[in-house]
Structure formats: structure tokens, C-alpha cells
Amino acid sequence: VLDGDNVIIKSAETLWGKNTEESMDFLKEKEGKTIHSLLIGPAGENLVNYAAIMNDASRAFGRGGVGSVMGSKNLKAIVVKNGKKKTEIHNSERLKNLTQSARDKIKVVPITRSALPRFGTSGLVNIINELGMFPINNFQKGYDERAENLSGESIRNELLQKDEGCFACPIRCGRLTKAGNMEGKGPEYESVWALGANLGIYDLTIVAQANYLCNKMGLDTISCGGTIACAMELQQNGLLKSEMLKFGNKENLKEIIIKIAKREDIGDELAEGAKQLAEKYQSPETAIHVKGMELPAYDPRGAMGHALGYATSNRGGDHLTGYLAAMEIFAAPKKINRFNVGGKSDLLVLKQNSKVIEDSMGVCAFAGWALGLDFYARFLTAITNVDYSVASLIQRGNKIYNMERLFSIKAGMKKEQDTLPKRFLDEPLKEGFSKDKVVPIERMLEEYYNVRKWDENGIPKSSLLKDLEINIENYE
Ligand code: SF4
């Protein structure tokens, strides 16, 4: 517990085993109603490979299994209360003006002005489905007309209780919803896909309930759905015998999620993630992952730059770091042909270097639809009195990206892992507006490595490290 200036370590014995909502209720009762927390659910306690850390039991630090890191240290929750310190601002008048300009810009750009506030991230469902790149049944197809049942429009019509937003956010893309006898936050685009269409399930009530349950258990919805989808394809191919794990089986979905979080029965195998599961059943190509992390809800055969972003993301199957889909699909800030292969590495590297700066600043990715590094440089200068520019931020982003890369290489990552599942390299989709395409990843990687100034093995060259003032000895 962080209580003002004091740090107090308290026993979590009575909390251990409780889900995230029960834990938050308990902590509010003990520590006060105004507390905030980061905590884990049963999935983190049981070291599920894709356990999340939940913020106030509703928003997830979802990806990469960070919940298990807390669980491995027997750390159930970090609670903050009675914080009274203010952040020192160098030029508060300037910051106030910049904040107003940022708000004005957010109110002009259509995605932040109306699409996100009205439909949340699930407003993407119909768009991505129409483009034929909404993954169905573990990425075996890219379109299904029933996807509309899971859309932001359907959520608004059928489940919405009220719109919500994070602290002081003018976009307010969040929502409180009610599905049957359950209530909760979301579901987000990635979650309706991962727990819905990718499992062949189009019942919005069941999918929303599965999403609430993942939040309660402290599970990343993308990896949870990706692993169940992998199990369902293994079942489809006769490799895994389980009636529960059939595409389209909505009856047992919630039961499976609980089994995963508690590592019970088949849930213990699924708790390891898609890669380990598919390897166990001697069908590694069935796992749709990059570097061990399950892929999100954009079929890479429908957007080649986005595909390259998956293959080269430092944390594996991640859509956020190199979100070239913004240009390839939404023409933001400019349109590029989604199927073109060459010439996208410069843009991708710029995106990746910018995104790590946003992450380092703690800026929401969705603000990026309206704002950019020019705004963020001015914000930082107003707050710190250090002169920041777009160029200096990009240089820092480049440094961070390369430091992450060197860390991964030191941890054993190889060039061979800068790739995509075999399905995307030689199996074109058979229908829809992304049909007949595969990703020529080797060709794209060569260009990308050149732009990054990495050698043919994907290792940053010494001249680059010198430019970026990175000491290689720290990574040997
Ligand atoms: S901060 Fe981001 S996630 Fe939170 S409500 Fe605003 S746009 Fe949505």
C-alpha cells in the first residue's frame, strides 16, 4: 500500500484466490473508497502465461503475461491512497493552452470526435470484416456476415448502460454494459473478436460475459481467445479430443475460461498459450502467434505493412507498436495501398519509434488519431523546461526500440522469429476482399533491416549503436 509518503507491505492472505472485482471491493472496504489499485486475479496467481494486471479491476495491462510476474512474486495488489503531491509544471499557462488545443483537435478528427465515443473500439468490427480481414475460426477465414452481431453498433443497441472514459479524457471510448445477469466494462474490439468470431461464436451476450469473466480472472482476452481458437482447430483436425473445444460451442466458453485461470483439467494445458499447446499436439503451425504471443484481430494477409509490424514487434504478436493499419485502412494521416509490399519499412520504423515514445510518456494510443509527436514535444517542454522536438523524440524512440531489440537478442531471440505463422506465408484466403494474398515476409524483412540499420541477422550495426549512444557491453 502506498499511503502518501509511506510504503506499507501487507499480507494478501485473505485476498489470495479472490477474483479482481472481489479483491477491489475488499480493498475499498479496508483501505477506503477512493483508493486505486493494480491487482491480479486467479490467472496471475496460477501463473497463466497470459495473465493480465488489472487497473481498478476493469482496465487491463493485458499483453505478455505481466500478471504472472506479479503472481510469481506473491504480489496480489498495489494500492495507492492519500496521494496529495502535485506534479511540478514548469509553465502551467502554456500547458493549459496546449491542452485546450489538443482538446480542440480531438473534437475535429472524426474518429476521436464521434466514432470512438459512440461505438468504442468495437466500431471496427464491421469495417475490418468488410475488408475480409476479420479473423474467423483461428484465422481460417477473413469474413463472416454474423460478425455484425458483435459490432460496436450492436453493443450500443443491446448492451450499453452508459458511456465512460478514463480520467479527464475527452474521447471517452469506454462503456459500461450489461449482458444477461452480468455487468461490466467493454467489450473492446479485440475481445469481441478473440472470444467471439475467432471461436465461431456470434452470441453477443455470451461473448460479453466471457469478456467480463476474463477481467475478473485477470486474463488477457486476446491471448485467451487465441489459445482457445488454437485448441478448437486442433479439435477440428482430430488431434485434441474434447467436445467442449469445438468451434461455435458457446455453452462451455465461460467454463473453459475459469478452467484456464485455475489451471484445472484441460485448462492447465491451455494456460501455457497457443504455441506450447500446438507444439504439445505436434502441430506447431496451428498456433497463430509471433514470438510466442498470440496475434490480434487483423488478418495480416489484408494489410502488408501491418503484417511486417507483427513480424518485427519487439514483444511479438502485437498490433499497437507498428499500427500501419492506420494508413492502410483508415488513411490516417494519409492513405497507402494495403496490399503494396515495397516501400513501407520507412513508415513502419517511424511508427514503431513514435509509439515507444507515446508508451514512455503514458499517452493513450487513441489520442494518436488526433495528436502526434509535435504536440507531445510541446507538452513535454512546457512541463519540464527541457527543449524537445519531433526529431529528438524520434531519435529517443529509435534508441529505446534498439535497446529492447538488444535485450531480446541477449535473452535468446533469433532472426528466425521475425516472421509470421506459416498460414499467412503460403495459404491465401479463399473469399472476401483480402482473398488470394499471402505475405512475402522475407522480401519485406530485407528492406526493413536495411532501414533499421540492422545486419542480415537482424542485429543492430555498431555504427547505429554509436549514433544512438548505446553501450553494447550492457547487452553482452
Ligand atoms: S484515455 Fe484512451 S482508452 Fe481511456 S477513454 Fe480515453 S481514448 Fe478511451
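Visitor: Let me start from the rule: a polar contact is a pair of N or O atoms within 3.5 Å, and within protein one must be able to donate a hydrogen and the other to accept it, while residues adjacent in sequence count only if both atoms are side-chain atoms. On that basis, how many residue pairs are in polar contact between domain 1 and domain 2?

Guide: The model is a predicted one, and in it the count between domain 1 and domain 2 comes to 15 residue pairs in polar contact, with both residues at pLDDT 80 or more. On the side of domain 1 that touches domain 2, α1 (20–31) and α2 (42–45) each supply at least two residues, and the residues of that side divide into 8 nonpolar, 8 polar and 3 charged.

Visitor: Where do the domains run along the chain?

Guide: The domain assignment places domain 1 at 2–81, domain 2 at 122–294 and domain 3 at 300–475. Taken over C-alpha atoms, the centres of domain 1 and domain 2 are separated by 23 Å.

Visitor: And how much area do domain 1 and domain 2 bury between them?

Guide: About 1900 Å² is buried between domain 1 and domain 2, with 50% of it on carbon and sulfur atoms. Within domain 1, the residues that lose the most area to domain 2 are Tyr 50, Arg 59 and Arg 63, which together make up 40% of what that side buries. In terms of contacts, 19 residues of domain 1 meet 26 residues of domain 2.

Visitor: How many salt bridges across that interface?

Guide: The rule finds 3 salt bridges across the interface of domain 1 and domain 2. As for a salt bridge that involves helix α1 (20–31), Glu 21 forms one with Lys 216, and their closest N and O atoms are 3.9 Å apart.

Visitor: How many salt bridges does the structure hold?

Guide: The structure holds 29 salt bridges. One of these pairs links distant parts of the chain, with Lys 81 in strand β6 (residues 77–81) and Glu 31 in helix α1, 50 residues apart. Between Lys 81 and Glu 31 the closest N and O atoms are 2.8 Å apart.

Visitor: Switching to the sheet, what order do the 6 strands take?

Guide: The strands form an open sheet in the order β2-β1-β6-β3-β4-β5, with mixed pairing. Strands β2 (6–7) and β5 (59–61) stand at the edges with a single partner strand each, so one side of each is left without a neighbour in the sheet.

Visitor: In which sense do β1 and β2 pair?

Guide: Strand β1 (residues 2–3) pairs with β2 in the antiparallel sense, over 2 bridges, and Asp 3 stands opposite Asn 6 of β2.

Visitor: What about β8 and β9, how many bridges join them?

Guide: Strand β8 (residues 174–179) is joined to β9 by 4 bridges, and the two run antiparallel. Ala 179 has Met 182 in β9 as its bridge partner. The hairpin of β8 and β9 has 2 residues between the strands, and there Gly 180 takes a positive phi near 60°.

Visitor: Fine for a glycine, but which phi does Lys 291 have?

Guide: Most residues other than glycine have a negative phi, and most peptide bonds are trans. Lys 291 nevertheless has a positive phi of about 50°, and this residue lies in the loop between β10 (289–290) and β11 (293–294). Lys 453 also has a positive phi, near 65°, and is found in the loop between α20 (441–452) and α21 (462–467).

Visitor: And the peptide bond from Gly 186 to Pro 187, cis or trans?

Guide: That bond is cis, with omega near 5°, and Pro 187 is in the loop between β9 (182–185) and α8 (189–194). The peptide bond from Ala 332 to Pro 333 is cis as well, with omega near 0°, and Pro 333 lies in the loop between α15 (325–330) and α16 (345–361).

Methods. Residues numbered from 1 in each chain as written. Predicted model: local features only at pLDDT ≥ 70, side-chain atom pairs only at ≥ 80, totals over all residues. Heavy atoms only, no water. Domains from an automatic or database assignment. Contact = heavy atoms within 4.5 Å. Buried area = accessible area lost by both parts, 1.4 Å probe. Salt bridge = Lys/Arg side-chain N within 4 Å of Asp/Glu carboxyl O. Nonpolar A, V, L, I, M, F, W, Y, C, P; charged D, E, K, R; others polar. Pairing = 2+ DSSP bridges.
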